[in-house]
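Work through the following exercises with the sequence and the coordinates open beside you, and try each task before reading its solution.

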Number of protein chains: 2
Amino acid sequence: MLHDLGSRDKTFIDVTQRMREQLLGIVADRGTHECVLLQGSGTFIVEAMIACFVPRDGKLLVLVNGAYGQRICRIAEVAGRPFSVLEWAENEPVDVVALDQALSADPAITHVTVIHCETTSGILNPIAQIADVVANHCRGLLIDSMSAFGALELDCNALPFDAVVASSNKCLEGVPGMGFCIARREALVKTQGNAQALSLDLYAQWQGFEQNGQWRFTPPVQCLLAFDQALTEFEAEGGVAGRGSRYRENRDRLVNGM
Amino acid sequence: MLHDLGSRDKTFIDVTQRMREQLLGIVADRGTHECVLLQGSGTFIVEAMIACFVPRDGKLLVLVNGAYGQRICRIAEVAGRPFSVLEWAENEPVDVVALDQALSADPAITHVTVIHCETTSGILNPIAQIADVVANHCRGLLIDSMSAFGALELDCNALPFDAVVASSNKCLEGVPGMGFCIARREALVKTQGNAQALSLDLYAQWQGFEQNGQWRFTPPVQCLLAFDQALTEFEAEGGVAGRGSRYRENRDRLVNGM
């Protein structure tokens, strides 16, 4: 973080490109997905995902069992996207039977969004089962994996989703300042023109990276360099398996100690 | 930047509060203005200013003499705000007579926006005269001062504006990752409900700071700590007078040498 690089110079372009590939590697991408980096906090990338992937004439079903699910409702409201809500207590995981029924009952729903692991409570939602139900109904799944990405497996070949978002500063252990979206390319292509904010337009941001490897707008250079190092340390720890294993040991020690 | 602080702890809240006050000091605020910090690059805070201050039924006049003026047109377009354009070549400053005529001719215009100093060319616009003309017509002035703030005087008592934006990483010499908006409080209050993106809602962001001193969403902690140090060095150099003086000396040396 004590180095400053010109964000439009080759060295930095290489860091950006390597980072996008490393992040795609974490979901075991085989050429079907794309990684788009975005300035700002986790909420910025969540909002970009919701406003870009849900078209203005689409409808979002928000699965809520905590504060971050509620925040997505607020995001949809501010963006003017029609949405409905299925809600559980904050100590109960999402019930996939109820989800299945809701999707059968409302064909207007185009997308479903869920928090992988609620940061506020730590509750883990059954993401694989949710993905199966959503895929069976041919709807798009948008995952906020802020507090899970990098510590819990998320294989894009086994678990169908349109987009998943996370940030530099949770399980990947970088510093805050940027988020990223990993999207199925076919779904990402369809988001063109959906954004209501130039800064939060994931399609345009993706096109920028593809055209010349550069960020459209000034990136948080030092944050990115720290994240580059964090990803090196993540790989050295054994990736998702190694990091998840350490977290589980920490959890067990904590729970047993209490 | 090598320290990590909890962003909701008192130490960090104090840094945030001190920073907001220091930035207000740069425009010589006497209690009439507010400072709102925002995650992201300069474009994020420019977009937040445009989308928040120009209401959905307002109309923006964009004064263009370079790439950043053009970008504001694109921002207005994506946000769905009606706008018109006055354009000059990139080596010509904004002509205030033409501005005066345009405002007389179109009473629908509610706001005028201008780039203080075009980053791409370095051309300086006659901001004081522009502010006078806009004030005479009782319209709101929105200034993108990205490449000028901190090096050129901008006294909010002498130069009427609704909002001015800049970022951490230009003349104030911090690292990239955040921007800020200095707004006349009366104008800021009226922006409530205008935003189309939760992340870019300057009113809500301001209310967050006012309520508990915290950022609504995770701030770029290390960027902020670097900016705090940068502001200390800025004051030590003699503030706007000292910094501007060094830049002018550098410019003269460069021009004479060439």
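**Exercise 1. Describe the order of the strands in the sheet of chain B, and find its edges.**

Solution. In this predicted model, the open sheet of chain B is built from 7 strands, which follow one another in the order β1-β7-β6-β5-β4-β2-β3 with mixed pairing. At the edges stand β1 (33-39) and β3 of chain B, and because each has a single partner strand, one side of each is left without a neighbour in the sheet. Turning to the average twist, neighbouring strands are rotated by 20° against each other, direction ignored.

Next, take the edge strand β1(B), which pairs with β7 (residues 178-184) of chain B in the antiparallel sense over 7 bridges; in this part of the sheet, Leu38(B) stands opposite Gly179(B) of β7(B).

**Exercise 2. Determine which residues of helix α4 (residues 96-105) of chain B are buried, and how they are arranged around the helix.**

Solution. Taking buried to mean under 20% relative accessible area, one finds Val96(B), Leu99(B), Ala102(B) and Leu103(B) buried in α4(B). Viewed down the axis of α4(B), these buried residues fall within an arc of 115°, so they line one face of the helix. The general reason is that an α-helix has 3.6 residues a turn, so residues three or four places apart point the same way.

The face turned away from the buried side carries the exposed residues Gln101(B), Ser104(B) and Ala105(B). As for the cover over the buried residues, it includes β2 (60-64), β3 (83-87), β4 (111-115) and α5 (127-136) of chain B.

Conventions: Residues numbered from 1 in each chain as written. Chains lettered and ligands numbered in written order. Predicted model: local features only at pLDDT ≥ 70, side-chain atom pairs only at ≥ 80, totals over all residues. Heavy atoms only, no water. Buried < 20%, exposed > 50% of the residue type's maximum accessible area, 1.4 Å probe, protein only. Helix = DSSP H or I, 4+ residues; strand = E, 2+ residues; numbered from the N terminus. Arc of directions from axis to C-beta. Contact = heavy atoms within 4.5 Å. Pairing = 2+ DSSP bridges. Axes fitted to C-alpha atoms, helices over the stretch in contact; angles between N-to-C directions.
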